[in-house]
Amino acid sequence: MEPDLFTAAAEERQERDPAGSPLAVRMRPRTLDELVGQRHLLRPGSPLRRLVGESGAGPVGPSSVVLWGPPGTGKTTLAHVVSRATDKRFVELSAITAGVKEVRSVIDGARRAAGAYGRDTVLFLDEIHRFSKAQQDSLLPAVENRWVTLIAATTENPYFSVIPPLLSRSLLLTLEPLTDDDLRELLRRAVTDERGLAGAVSLPPDAEAHLLRIAGGDARRALTALEAGAGAALAQGETVISLATLEAAVDRAAVAYDRDGDQHYDVTSALIKSIRGSDVDAALHYLARMVEAGEDPRFIARRLMISASEDIGLADPTALQTAVAAAQAVAMIGWPEARIVLAQATVALALAPKSNAACLAIDAALADVRAGRTGPVPAHLRDSHYRGAEELGHGAGYVYPHDVPGAVAAQQYAPDAVHGTRYYHPTRYGAEARYAEVVERVRSRLRGEAASD
């Protein structure tokens, strides 16, 4: 047997000695029907069901698979299920510790096993994005010749992290973060199932809610924490995993935060108001509470983008760029690294100069529009690029700004109903101070007044 490899034989030993295996291993689904979550991959006739050779599922298609999804969503589990369902030998490698030498050793072993015993091999390669292009190239002959069924897992976008020849020869399956309902089902099953805790303890609602919070959509983390809590309770002669026992066991305090209740809105409001008030420490505190509670990082990023425009605006035009970049980064990496990106954006926004002038300006303009203060577009601004426009007087008298010094032409732009109305009132904070000087100079020129540069 190859050294440092998790094979089918090792899996069988774990099944014979379930008490010695971690709860997350004991509760690993044995069939697709036991999987929690990923319903989009489990519908009848899906590529995944074809891969395991279910009757009536249709042609198998590519024999290799790339699994893309956040940690704890079932990538390793799916590899085990495929191996079991197809009765193939299972070998696991991690791209963190393995290299081309180990890959070639597995491939050679797979060819020997196929020749001597007629048994095919599933090679599960975790963290494939850590392999270089040359290392990934070494997999191509085995994939093309089907010497192994490659199941590669990655938490990063495979279109950037997996070489195109390998990706084109594989079935790409995207795994979604597990929902609270998915994890709740998994926890309750682990408490009662004979392979799990077999009803030795019970899990009250407050402890269950805490497990859901600290899991952050990660099934492995949820089961590991549950096992720690159960062990602590049983060691104390208790059959109920109390919240206090669970907290002590996982060394993590319960966060009073309900993602669907008042706390969700209160903590979110406090985060935004702390940024608006330039209290960077308070802002980081509320951000930490949201992170610890397992809040969707994309939700936090969206709130930061809004804050960048609503409360900072042109006082620091780079604030919105920072928030948008953070949102894009969060969407690509997810937890736990997203906490760093969100913290960086939160600090930048909290310490930026503040202005709500742009927000007030659009709201004032909207109020006029809703009140009916509109009126026709001035004739010289109307579209004149169609036949008959000239006869209607459209475009007549329009002054092309680039034809005049300073590129600001003295002419009316707003409809008569709001002509002369000022919506934008820039502050003197940060970069907006420059805009305050510019806007007054431009307004004077638009009125035909002389303005000094």
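1. A contact, in what follows, means that heavy atoms lie within 4.5 Å. With that meaning in hand, one can look at the contacts in the protein with a separation of 6 or more, and 70% of them are accounted for by residues 24 or more positions apart. The reader should keep in mind throughout that this is a predicted model.

2. As for the overall make-up, the secondary structure of the protein comes to 20 helices and six strands. The protein has 453 residues, and buried residues make up 43% of them.

3. The helices H11, H12 and H13 deserve a careful look, pair by pair. Two packed helices are described by the angle between their axes and the distance between the axes. For helix H11 (residues 205-215) and helix H12 (residues 219-235), the axes come within 8 Å and cross at roughly 135°. Angles that are neither under 35 degrees, nor over 145, nor from 65 to 115 count as oblique, and H11 is therefore oblique to H12. The crossing in which H11 passes H12 is right-handed. On the side of H11 the contact is made by Leu211, Ile214 and Ala215, while H12 contributes Arg221, Ala222, Ala225 and Leu226. When the residues of this contact of H11 with H12 are sorted by character, six are nonpolar, none is polar and one is charged.

4. The next pair is H12 with helix H13 (residues 243-250), which pack at an angle of about 115° with their axes 8 Å apart. Because angles from 65 to 115 degrees count as roughly perpendicular, H12 is described as roughly perpendicular to H13. The crossing of H12 and H13 is right-handed. In this contact, Ala225, Ala228, Gly229, Ala232 and Ala233 of H12 meet Thr245, Leu246, Ala249 and Val250 of H13. The residues of the contact of H12 with H13 divide into seven nonpolar and two polar, with no charged residue among them.

5. The remaining pair of these helices is H11 and H13, whose axes come within 8 Å and cross at roughly 30°. Angles under 35 degrees count as roughly parallel, and H11 and H13 are therefore roughly parallel to each other. The crossing of H11 and H13 is right-handed. Here Asp206, Ala207, His210, Leu211 and Ile214 in H11 meet Leu243, Leu246, Glu247 and Val250 in H13. The contact of H11 with H13 is formed by six nonpolar residues, one polar residue and two charged ones. A student tracing the side chains may like to follow Leu211, which is listed in the contact of H11 with H12 and is listed again in the contact of H11 with H13.

6. Where does serine 355 lie? Serine 355 is placed in the loop between helix H18 (338-351) and helix H19 (357-370). Serine 355 has a relative accessible area of 4% and is therefore buried, since buried means under 20% relative accessible area. The side chain of serine 355 reaches the backbone nitrogen of alanine 357 at 3.2 Å. Not counting residues up to four places away in sequence, serine 355 touches Glu310, Asp311, Ile312, Gly313, Ala315, Thr427 and Glu432.

7. Threonine 149, for its part, has its place in strand E5. Its relative accessibility is 6%, so threonine 149 counts as buried. The side chain of threonine 149 makes a polar contact with the side chain of lysine 88, at 2.8 Å. Leaving aside neighbours within four places in sequence, the residues in contact with threonine 149 are Ser63, Ser64, Lys88, Thr121, Val122 and Leu123.

8. Two residues call for a check of their backbone angles. Most residues other than glycine have a negative phi. Glutamine 38, however, has a phi near 55°, which is a positive value in a residue other than glycine. Glutamine 38 is found in the loop between helix H2 (23-26) and helix H3 (47-51), and at 8% relative accessibility glutamine 38 counts as buried. Arginine 146 likewise has a positive phi, of about 60°, although it is not a glycine. Arginine 146 is found in the loop between helix H7 (140-144) and strand E5 (149-154).

9. Is threonine 318, in terms of relative accessibility, buried or partly exposed? At 40% relative accessibility, threonine 318 counts as partly exposed, and this residue is found in helix H17 (residues 318-333). Threonine 318 and alanine 348 are 30 residues apart along the chain, and their C-alpha atoms are separated by 9.7 Å.

Terms used: Residues numbered from 1 in each chain as written. Predicted model: local features only at pLDDT ≥ 70, side-chain atom pairs only at ≥ 80, totals over all residues. Heavy atoms only, no water. Axes fitted to C-alpha atoms, helices over the stretch in contact; angles between N-to-C directions. Helix = DSSP H or I, 4+ residues; strand = E, 2+ residues; numbered from the N terminus. Left-handed = near helix turned anticlockwise from the far one by under 90°. Nonpolar A, V, L, I, M, F, W, Y, C, P; charged D, E, K, R; others polar. Buried < 20%, exposed > 50% of the residue type's maximum accessible area, 1.4 Å probe, protein only. Polar contact = N/O pair within 3.5 Å; in protein donor to acceptor, adjacent residues only side chain to side chain.
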